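Okay, thanks for coming, everyone. I'll put the structure up and then walk through a few places in it.

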Amino acid sequence: MTYDIIIIGAGLGGLFAGAKLAKEGKSVLLLEQHDRPGGCATTFTRKGYTMEVGLHEMDGLHPTDGKTKIFTELGLFDSVDFLAVPEFYRFMHGKTDLVMPHDRASAEALLKENFPDQSDGIAKYFERLMNARRINVMERDQPDISIGEYLDSIFTSEEIKLFLLGNLGYFHDDPYSLSLRYFAMAESAYFNGRANFIKGGSQELSNKMVEIIRANGGKVLLNHRVSSVLCEGDRIIGVKFINVLPGNHVEAEARAEKFIANAALPRVAEMIQSDKAKDLENELSGQAIGASLLTVYFGFSKSLKELGHTHYSTFVFDDSITSQKDIAENNRSGFDTRSFTFVDYSQVDAALAPPGKSVGAVCCIDYLDDWTSLSKEEYRARKKEAAEAFTRRLEKIIPGCSEYMEHVEVGTAKTVQRYTLNPQGAVYGFAQHPNRKFTDSLKFFTNLYTASAWGKFGGGFSGAIFSGYMTATDILRGK
């Protein structure tokens with residue numbers, strides 16, 4: 001079997017690259033080890049509830065957003081429903097209980113009303129965010145700093161810093177090791193345009209991308225894991241892959257002119273059968289791998305709206321956090337004190353639950369090394385501990401909700417690693433440290449491209465989508 005392009009992995013980066021290339025007439029083979037496409041853009045069903053694996057909200061989709069152009073070109077607005085999220089987020093910490101609006105003017109007004117002595121810093125903050133692209137270009141020859149350092153330089157109030165870092169978990173686990181330039185670009189996308197949720201869950205988007213690839217002559221093979229990548233000199237010539245379904249472990253081989261790594265780059269480097277793979281591995285080893293996430297999935301037999309709940313996403317910082325310097329340590333604390341997010345999908349009519357019921361999820365930063373040494377019994381016990389702790393804490397926010405919990409399930413960093421094969425269960429790829437060095441795989445293999453959260457655009461839905469589409473564009477331009 002010979003193709004123009006072989007793509008390893010059907011996460012959003014691989015799917016968008018494959019769809020663009022297939023629509024442009026390229027023969028595409030996409031191989032995915034999981035039984036469904038999407039990577040973290042997937043759902044699963046329990047007792048009639050559809051549980052969203054990854055998506056809380058997707059930024060942008062305003063007229064100047066790059067995703068708007070991509071989605072229009074691929075016809076996604078005609079087949080996928082994007083639901084506007086009502087507000088950016090609710091933030092709870094001590095006596096602070098504020099709702100961050102999506103638009104800049106309302107957000108500035110809210111901040112100035114609640115932190116009147118921080119007005120100068122507020123103006124500087126939004127000036128930096130809303131002009132992030134231009135400023136990043138202007139400062140490209142200067143050292144980057146962390147968002148933590150930047151906030152310290154413009155604010156004297158620790159509480160406003162914490163409020164502005166409410167959704168830090170969307171990107172990283174520590175403000176003092178997260179690039180200001182990366183944060184500013186990502187965060188500004190929320191204030192430039194309303195965030196959205198995909199009706200029916202992110203699996204709807206992933207499945208649609210597979211349809212586009214197949215409708216344009218491409219081939220998508222699920223339950224097929226790439227076992228090795230074959231090379232001649234500095235060129236990759238093919239892949240060997242196995243059907244992972246029981247009783248079907250037959251190895252096959254396919255060849256192509258060019259290859260796209262949607263799978264985690266460290267995993268791809270391990271699969272490459274070449275001495276040059278060591279050079280790639282050595283360069284990758286210098287990059288820190290990002291954190292993982294723990295999620296507690298809830299199926300409620302009653303809509304939370306009927307219990308008086310009115311917010312889509314609520315970010316809770318424990319009282320033990322008194323400054324942003326405490327955030328990283330708190331992310332390693334027990335489940336009774338660890339900061340978390342609760343998302344109530346029923347607030348946007350997400351179609352994830354049967355009529356009259358609702359789906360919600362608690363999410364917090366997690367690390368694989370907290371789980372790997374546990375026995376099966378210890379692992380189950382710790383997951384139960386997490387579920388019980390977050391149930392207690394959620395009951396304080398939405399009194400009475402625990403009475404209607406019909407299904408509770410916990411996914412850990414170990415779960416993420418199992419289904420994505422990502423090292424350390426990382427959900428955002430490499431950590432976006434200040435002045436992070438981006439690996440250029442073309443230095444080692446002239447026909448290997450990257451389209452994933454592990455590339456230069458970083459993690460999240462937007463980063464993966466941009467990575468996939470731009471990689472396909474580069475290939476079509478002969479780069």
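**A walk through the model**

Let's start at tyrosine 176, which sits in the loop between helix 7 (158–164) and helix 8 (180–192). Helices here are DSSP runs of H or I with at least four residues, strands are E runs of at least two, and both are numbered from the N terminus. Before I go on, this is a predicted model, so local features need pLDDT of at least 70 and side-chain atom pairs count only at pLDDT 80 or more, while totals for chains, interfaces and linings use all residues. Residues are numbered from 1 along each chain as its sequence is written, and side-chain values use heavy atoms, with hydrogens and water left out.

Back to tyrosine 176: buried or exposed, or something in between? It counts as partly exposed, because its relative accessibility is 27%. The cut-offs are under 20% relative accessible area for buried, over 50% for exposed, and partly exposed in between, with a 1.4 Å probe and protein chains only. Skipping neighbours within four places in sequence, tyrosine 176 touches Ser146, Gly148, Glu149, Asp152, Gln324 and Lys325, where contact means heavy atoms within 4.5 Å. Its C-alpha is 18 Å from that of glycine 459, and those two are 283 residues apart along the chain.

Another tyrosine, 428, is in the loop between helix 14 (413–420) and strand 19 (448–450). Tyrosine 428 counts as buried, with 15% relative accessibility. Which residues does tyrosine 428 contact, leaving aside neighbours within four places in sequence? Those are Gly169, Tyr170, Phe171, His172, Leu293, Ala453, Gly459 and Gly460. Isoleucine 289 is 139 residues away from tyrosine 428 in sequence, yet the C-alpha to C-alpha distance is 8.4 Å.

The loop between helix 14 and strand 19 also holds glutamine 424, which has a positive phi near 60° without being a glycine. For context, most residues other than glycine have a negative phi. Glutamine 424 is partly exposed at 43% relative accessibility. Lysine 47 is another non-glycine with a positive phi, about 50°. Lysine 47 is in the loop between strand 3 (43–46) and strand 4 (49–52), and it counts as exposed at 60% relative accessibility.

Okay, helix packing. The axes of helix 1 (residues 12–23) and helix 9 (residues 203–215) come within 8 Å and cross at roughly 30°. Axes are lines fitted to C-alpha atoms, for helices over the stretch in contact, and angles run from 0 to 180 degrees between N-to-C directions. So helix 1 and helix 9 are roughly parallel to each other. The angle classes are under 35 degrees for roughly parallel, over 145 for roughly antiparallel, 65 to 115 for roughly perpendicular, and oblique for the rest. Helix 1 passes helix 9 in a left-handed crossing, meaning the near helix is turned anticlockwise from the far one by less than a right angle; clockwise would be right-handed. On the helix 1 side the contact is made by Leu12, Leu15, Phe16, Gly18, Ala19, Ala22 and Lys23, and on the helix 9 side by Leu205, Ser206, Met209, Val210, Ile212 and Ile213. By class that's 10 nonpolar, 2 polar and 1 charged residues. Nonpolar covers Ala, Val, Leu, Ile, Met, Phe, Trp, Tyr, Cys and Pro, charged is Asp, Glu, Lys and Arg, and the others, Gly among them, are polar.

Next pair: the axes of helix 2 (residues 66–74) and helix 15 (residues 460–476) come within 11 Å and cross at roughly 60°. That makes helix 2 oblique to helix 15, and the crossing is left-handed. Gly66, Lys67, Lys69, Ile70, Phe71 and Glu73 of helix 2 meet Ser462, Ile465, Phe466 and Tyr469 of helix 15. The class split is 5 nonpolar, 2 polar and 3 charged.

Last topic, cysteines. How many disulfides does the structure hold? The count is 0, with a disulfide taken as a pair of cysteine sulfur atoms within 2.5 Å. For cysteine 40, the closest cysteine sulfur is in cysteine 363, 10 Å away, so that is too far for a bond. Cysteine 364 has its closest cysteine sulfur in cysteine 363 too, at 6.6 Å, again too far for a bond. Cysteine 40 is partly exposed, with a relative accessible area of 25%, whereas cysteine 364 is buried at 3%.
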